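Me: I have a structure open here and would like to talk it through piece by piece. Could you go along with me while I ask things as they come up?

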Amino acid sequence: MKPVRAQDFAERVYDLVRNCPRGKVVSYGGVAALLGHPRAARAVGHALKMLDPDTDVPWWRVINSRGRVSIRGGHGPLLQRKLLEQEGVEFVRDRVDWKEYGWDGGLSG
DNA sequence: GAGATGACGGGCT
DNA sequence: AAGCCCGCCATCT
């Protein structure tokens with residue numbers, strides 16, 4: 001058994017987000033729960049925050065439990081919304097419908 | 001080691 | 001519905 005380092009947590013987040021099918025979205029809490037840490041939603045946000053602009057992780061598919069973009073300030077939220085719309089995700093009242101685009105963690109995509 | 005921060009979530013007012 | 005507070009976890013200073 002290889003010891004689980006804190007840094008690995010971020011890697012697990014990236015690996016899971018990479019599994020998120022195109023055109024779908026998942027919440028921070030959802031990612032955390034799938035990783036075995038249902039209360040580590042904030043930690044997931046940190047992991048994505050540390051990502052580089054050249055990363056291959058679809059961080060934009062991760063939003064908050066309200067179906068809203070959590071990033072504040074700058075072009076961050078605008079970029080995320082644009083990327084999602086490019087994948088077919090529709091925004092209603094600046095929100096995404098979970099029963100329509102919500103990802104349950106399975107390979108349904 | 002301790003304190004503060006944040007791309008969160010749920011509950012209460 | 002909108003705003004405020006507390007709890008949770010990982011990272012940074």
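Me: Where does Asp94 sit?
Reply: Asp94 lies in the loop between strands E3 and E4, and please keep in mind throughout that this is a predicted model.

Me: What is phi of Asp94 near?
Reply: Phi of Asp94 is near 65 degrees, which is a positive value in a residue other than glycine. Most residues other than glycine have a negative phi.

Me: And is Asp94 buried, partly exposed or exposed?
Reply: Asp94 counts as partly exposed, because its relative accessibility is 38%, and the partly exposed class runs between 20% and 50%.

Me: What about Arg93, where is that one and what is its phi near?
Reply: Arg93 lies in the loop between strand E3, residues 91–92, and strand E4, residues 95–96, and its phi is near 60 degrees, again a positive value in a residue other than glycine. Arg93 has a relative accessible area of 66%, so it is classed as exposed.

Me: Switching to the DNA. How many residues surround DNA strand B, and which are closest?
Reply: DNA strand B is surrounded by 14 residues, and the closest of them are Arg42, His46, Asn64, Ser65 and Ser70.

Me: Which helices supply that surface?
Reply: Helix H2, residues 28–34, and helix H3, residues 41–49, each contribute at least two residues to the surface near DNA strand B, and the largest share, six residues, comes from H3.

Me: What is the mix of nonpolar, polar and charged there?
Reply: The residues of that surface divide into five nonpolar, seven polar and two charged.

Me: Which contacts go to the bases, and which to a phosphate?
Reply: An N or O atom in the side chain of Arg42 is 2.5 Å from a base nitrogen of DNA strand B, while a polar backbone atom of Leu48 is 3.1 Å from a base nitrogen of that strand. For the phosphate, a backbone N or O atom of Ser65 lies 2.8 Å from a phosphate oxygen of DNA strand B.

Me: How much of the DNA side of this is sugar or phosphate?
Reply: Taking the atoms of DNA strand B within 4 Å of the protein, 44% belong to sugar or phosphate, and the rest belong to bases.

Me: You listed Asn64 among the closest residues. Is Asn64 buried or exposed?
Reply: Asn64 is buried, because its relative accessible area is 19% and the buried class is under 20%; that value is computed on protein chains only. Asn64 is found in the loop between strand E2, residues 62–63, and helix H4, and its C-alpha is 9.6 Å from that of Val25, although the two are 39 residues apart in sequence.

Me: What about Ile63, in which strand is it, and how far is it from Gly30?
Reply: Ile63 is in strand E2, and with a relative accessible area of 0% it is buried. The C-alpha atoms of Ile63 and Gly30 are separated by 9.6 Å, with their positions 33 residues apart along the chain.

Me: What else reaches Gly30?
Reply: The side chain of Ser27 reaches the backbone nitrogen of Gly30 at 3.0 Å. Ser27 has its place in strand E1, residues 26–27, and counts as buried at 14% relative accessibility.

Me: And Thr55, where is it and what does its side chain reach?
Reply: Thr55 lies in the loop between H3 and E2, where its side chain reaches the backbone nitrogen of Val57 at 3.3 Å. At 23% relative accessibility Thr55 counts as partly exposed, and its C-alpha is separated by 21 Å from that of Gly30, 25 residues away along the chain.

Me: New topic, pockets. How much space lies in the largest pocket, and what lines it?
Reply: The largest pocket holds about 640 Å³ of space and is lined by 21 residues, of which Tyr28, Gly45, Leu48, Lys49 and Ile71 lie nearest its centre. H3 and helix H4, residues 76–86, each supply at least two residues of that lining, and H3 gives the largest share, five residues.

Me: How do the lining residues divide by type?
Reply: The lining divides into eleven nonpolar, six polar and four charged residues.

Me: Last one, how many aromatic pairs are there, and how are the rings set?
Reply: The count comes to one aromatic pair. It is formed by Trp59 and Trp60, 5.8 Å centre to centre with 80 degrees between the planes, and is edge-to-face.

Definitions and conventions:
Residues are numbered from 1 along each chain as its sequence is written. Chains are lettered from A and ligands numbered from 1 in the order in which they are written. This is a predicted model: local features need pLDDT of at least 70, side-chain atom pairs count only at pLDDT 80 or more; totals for chains, interfaces and linings use all residues. Side-chain values use heavy atoms; hydrogens and water are left out. A residue is near a molecule or strand if one of its heavy atoms lies within 4 Å of it. A polar contact is a pair of N or O atoms within 3.5 Å; within protein, one must be able to donate a hydrogen and the other to accept it, and residues adjacent in sequence count only if both atoms are side-chain atoms. Helices (H or I, at least four residues) and strands (E, at least two) are DSSP runs, numbered from the N terminus. Ala, Val, Leu, Ile, Met, Phe, Trp, Tyr, Cys and Pro count as nonpolar, Asp, Glu, Lys and Arg as charged, and the others, Gly among them, as polar. Rings of Phe, Tyr and Trp (its six-membered ring) pair if their centres lie within 6.5 Å; planes under 30 degrees apart count as stacked, over 60 as edge-to-face and the rest as tilted. On a 1 Å grid over the protein atoms alone, a cavity is a set of points where a 1.4 Å probe fits but cannot get out, and a pocket is an open set with protein on both sides within 12 Å along at least five of seven lines; lining residues have an atom within 4 Å of a point. Grid points are joined across faces, edges and corners, and a volume is the space filled by probe spheres set on the points. Buried means under 20% relative accessible area, exposed over 50%, partly exposed in between (1.4 Å probe, protein chains only).
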